[in-house]
Every structure is written in C-alpha cells, then in structure tokens.
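Q: Could you help me look at how the parts of this chain fit together? I would like to begin with the terms.
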Amino acid sequence: MEKIKVFQGGTLIDGTGGDPIEDSVVVVEGSKFTAVGKKGEVNIPKGDNVEVVDTTGLTVMPGLIETHIHSCMVPCAPNHFGTGPVTLNKLEMLTRAIPRLQAPMKMGFTTVRDGGSGWGWYEVALRDAIKRGDIEGPRFQATGYHLTVTGGHGVFVPYNVARHGIEEMAGYIVDGPDEWRQAARLQFWNGTDYLKTVVSRDLISPGDLTISSPTLEELKAAVEVAKAYGKKVFCHASGKEGVMKAIEADVDIIVHGFLIDEECATLMAEKNIYWEPTNAYCRNMYWCATDQVPEKFLKMYPNLIPEWAYENSIKAWEDRVKNFYKIVKNSGVKVLMGSDAGCTYVIHGLNAMELEAHVQLGMSPREALLGCTKYAAESCGIDDKLGSVEVGKLADLVLVDGNPLDDITVLQEEDKIKMVMMEGEVIVTR
Ligand SMILES: [Zn+2]
C-alpha cells in the first residue's frame, strides 16, 4: 500500500497568489499531492498507511524555486569568482558548488536554476549527478557560460588571458553572429538547459553601465539557435539600450535591468519576458559603496568592491528605491526571485534575501512570493508539475514556523524552516 501523509491545521500559501487557506489540509500520496483545501472540505484518508502531521501554527508552502544563482561564486566582490579565477580548475569548482546548491535546498528551495557558471560546464555534470542520486541536492537547471563580446561583462580574468578566453571562467568570448551562433550550439551540445547572453556591463565590471556591447545581429543569432533547440535565453542587461535590444531579440528573461523604465517593462510584460531585478545584489552593492554592510556579513566576507563601482551602485539603488515598484505596478511585468546568490553579499542559503529586498522596495510579500512559486515555475518551464500546492503536482512542500506574509525575512532563518519535502520524501526536518 502506498504511504499517505496528511498535513493538517496549518495556513497554506499555495503558490498561486490567492488568499492563504487557514486550517488547511494537504494530502500527499507517493510523490504527488492528491488533495488540497480547507479542513472539512477535503476527504482525509484513513488507514494504517496514513501518517497525520499536525501543522497547526505553521505555514505550509510549495517547494520554492530559486531562478538565478551562481554556483561558481562566493558572495564577496570583486574576487568573487570562487577564490580567484584561473586558480581553480573545473573539478575543484564543481566540488565547491555542491554545498552552494544544498544550502538553498535546506531552506526550502527545492528547485534551483544556475544563472551561468561556465568553468567547463560543470553545472551539467552536477545536475546529472543529483538526478542519479549520487549527490544530494535540489532539482538543478544548468546554464553554462555567459556569451559575451571581447571586453564584455562576465570575463573576470586579466586582459592578457581574457583576450582569447580560457575554460576557467564564467564568460565565453564571441564576436560576430557566426561565433555567437556556434557558441550557442556548443552550450547545448554540452547539455545546458538555458542560454546566457550578456549585452551590458554590470555594477561590478568597469565601464559605462548603459552601453550595450554586442550588436543586435549577434544577440539574435544566438537567440535563434536557442529557439531552434527549444531552450530559453537569459539576458544580462543593465541600461535601457541593452534591455531594448534584448527585448527586440526575443530573450525570455532579463537579468538586472538597472535603470530601466516603464516603457521597457511594459514591452517586457507584453512579450511575457520575465524580470530578475536582483534587488538584493543592487542593495548590497549600495551597502558596500556607502559603508553600510551589516556587521554579520562583514564577518563572513570583507568589503572588497573597488571605488570605481561606487557611483553606479549608488545610482542604481537610488533609482530602484524611487522607481522599482512604480514600474512593476504600472507595467504588470512578472518579477522573479532570482537572487543572483554568489554576488556581493547575496549569500548561498540566504537566497530569500531577494524577497526581503522586493518587499523593501514596495512589493507586498504576496506579490514577491509569486517570484519563487508560480512565476518561477513558468519561467523554468516546470509549471505543469511544480510551483504550487495543487492536486496532481509533485509533492514539494515546506513547513515554516512563522508566516512570510507577515514577515518575509522568516524565510532566511534556518531554525524556522521546519521541514522540506521533495516529491513526497522528507529531506530536512528541524
Ligand atoms: Zn547572475
């Protein structure tokens, strides 16, 4: 007889964005949810094979989805690519990435997408090892190298080395539509689930944030390949020019979008392009530039951001404070919780820092949570089986001591994440 688990009494946030359900019942049979609703309205199975878990006082949530981390990075800028590019080979990078994936999983993120970590496509090996059960980890999606032009963002090695590119970095240097096309094919041949493209500089790469590096033809060539392979495209874009180029090229996810405006966001909403604003990263760079990094984080990593990054960082966060929520509200663009963990003080395991930053900028916790549930599942192409607690979906479930709708920071507190379940199997209890 199949084992049945009944979770009853807790407040259910089902991940669809609707009202929370008090005194809820969630029934798990095998790997799936088979009944969900309010107590009294759901048939509760009985029998020797039924285990009832009292969730009174707890919040019940679907397994969360983190749409953007960097498993190759520790959250310390600018030497944040591991402990220095070139010094780590891909095998060492792979082994260092394992706990960086397990950390969010232990906090309720049962699906994690890499935003691109390069280094010989180790993400693919890691993803497959987890799938086989050789390594414990979340459901993992691999992205591979950042496609970037000569001198573009994503190549954190000295210029003499970066000229032709090496395996031990996150960027893949490509110039001209043919090279962009070939590199895109190479990513998929190596087994990546996504394609990462770079059209702008970043807060942490020197140069003008608003300049867009590749031509539209180059970007389009790579996007066309991805579409042909049925894969989605991330685009790292900062200023308006880069974002408009990414929209025109038909990418699926725009990362950062520092300094974008309502026109950009409205076009994104029209084309169903998701936005990963990486608000925590932006805020944390502002902390660094204004000497406000909280003591507890400084103890973990020194503040190493270079002075030339100050101006852009301050400008970007001030713009966020002023415009972010207005842009989101007026455009209807779908905002993801892609924390960019591994970037400056966005710490692996504290991925929900991103939700906190969304809320700090005006989103309600309910709006912010869509970015790691419903919208995240859509953007990862897994919304038919994950992202919400609904009958027929895979039983990824999280029990939280506290209610993120009242205090979103509860999702950063390890002792509050009482249970994490993946496909019906309990993987964490506290
Ligand atoms: Zn990123």
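A: A polar contact is a pair of N or O atoms within 3.5 Å; within protein, one atom must be able to donate a hydrogen and the other to accept it. Please note also that this is a predicted model.

Q: Which domains does the chain have?
A: The domain assignment gives domain 1, covering 4–62 + 387–429, and domain 2, covering 64–379.

Q: How far apart are the centres of domain 1 and domain 2?
A: Their C-alpha centres lie 30 Å apart. The contact involves 28 residues of domain 1 and 23 residues of domain 2.

Q: What area is buried between domain 1 and domain 2?
A: About 2100 Å² is buried between them, and carbon and sulfur atoms give 68% of this area. On the domain 1 side, Ile408, Leu411 and Gln412 supply 29% of the area buried against domain 2, more than any other three residues.

Q: Now the polar side: how many residue pairs are in polar contact between the domains?
A: There are nine such pairs between domain 1 and domain 2, with both residues at pLDDT 80 or more.

Q: Which elements of domain 1 give two or more residues to the side that touches domain 2?
A: They are strand S6 (59–62), strand S17 (417–422) and strand S18 (425–429). S17 gives the most, with four residues.

Q: How do the residues on that side divide into nonpolar, polar and charged?
A: The domain 1 side has 16 nonpolar, seven polar and five charged residues.

Q: And how many salt bridges are there between the domains?
A: The count between domain 1 and domain 2 is three.

Q: What do the side chains of Asp396 and Arg139 form?
A: They meet in a salt bridge, with an N to O distance of 2.8 Å.

Key. Residues numbered from 1 in each chain as written. Predicted model: local features only at pLDDT ≥ 70, side-chain atom pairs only at ≥ 80, totals over all residues. Heavy atoms only, no water. Domains from an automatic or database assignment. Contact = heavy atoms within 4.5 Å. Buried area = accessible area lost by both parts, 1.4 Å probe. Salt bridge = Lys/Arg side-chain N within 4 Å of Asp/Glu carboxyl O. Polar contact = N/O pair within 3.5 Å; in protein donor to acceptor, adjacent residues only side chain to side chain. Nonpolar A, V, L, I, M, F, W, Y, C, P; charged D, E, K, R; others polar.
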